[in-house]
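Open the model in your viewer and keep the selection tool handy. We will go from the fold down to a single side chain.

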Amino acid sequence: MTSAKPTSHDPGPRIWVDADACPVVIKEILFRAAQRTRIPVTLVANQFIQVPRSPFIKTMQVGAGYDVADDEIVRLVSPGDLVITADIPLASQVLDKQGQALNPRGESYTQDTIRQRLQMRDFMDTLRASGVDTGGPPALSQSDRQAFANQLDRWLQRNTRA
């Protein structure tokens, strides 16, 4: 496994993607943003992921196992980096390292909201463990995609290299 960490001649924020469950349409938005802004995007996954050829888009395949990709993202994230994930515990760890986290529906995780989201996640896990069918999240809508693109653009405007 090669490290996608910035080097001394490659400073600046990066985007990390919890890629195993990231919707294709969100990856495509990220690929276009990487090309346009030259901010590096690294997709971290347990499986091979096809990406466009670009010096700004990389993949990192990690070993199989529960939270292996999440652990690698947490290890590599730096303050100011953006992590794309729907995984609330991962988002919490990213925030603890002064990174920023955004889910594929365009919702930013913040220190003010993460504790409530963790509690709701744990509550839903408890319901499912007791046999309650809680259903899954709705399909990603056009408004979700637009909200994601808008939040990403805001982050990029604050972090684009000169």
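Two strands count as paired if DSSP finds at least two bridges between them. With that in mind, select strand E1, residues 15–18, together with strand E4, residues 82–84: three bridges join the two, and they run parallel. For one of these partnerships, pick Trp-16, whose bridge partner in E4 is Val-83.

Before going further, colour this predicted model by confidence. The mean pLDDT of the protein chain is 87, with 86% of its residues at 70 or more. The exception to visit is residues 5–10, where the pLDDT is below 50 and the stretch has nine contacts in the model beyond near neighbours in sequence. Where pLDDT is low, the predicted coordinates should not be read in detail.

Now widen the selection to the whole sheet. It is open, with six strands in the order E3-E2-E1-E4-E5-E6 and mixed pairing. Which strands stand at the edges? They are E3 (57–61) and E6 (108–109); each has a single partner strand, so one side of each is left without a neighbour in the sheet.

Next, add the helices. Helix H2, residues 68–76, lies across E1, E2 (41–45), E3 and E4, at about 165 degrees to E1. Helix H5, residues 142–159, lies across E1, E4, E5 (100–102) and E6, at about 160 degrees to E5.

Finally, zoom in on Ser-143 in helix H5. Is Ser-143 buried or exposed? Its relative accessibility is 53%, and exposed means over 50%, so Ser-143 counts as exposed. Show side chains, and you will find a polar contact of 3.0 Å between those of Ser-143 and Ser-141. Then select Arg-105: it is 38 residues from Ser-143 in sequence, yet their C-alpha atoms are 8.3 Å apart in space.

Conventions. Residues numbered from 1 in each chain as written. Predicted model: local features only at pLDDT ≥ 70, side-chain atom pairs only at ≥ 80, totals over all residues. Heavy atoms only, no water. pLDDT = per-residue confidence, 0-100. Contact = heavy atoms within 4.5 Å. Helix = DSSP H or I, 4+ residues; strand = E, 2+ residues; numbered from the N terminus. Axes fitted to C-alpha atoms, helices over the stretch in contact; angles between N-to-C directions. Buried < 20%, exposed > 50% of the residue type's maximum accessible area, 1.4 Å probe, protein only. Polar contact = N/O pair within 3.5 Å; in protein donor to acceptor, adjacent residues only side chain to side chain.
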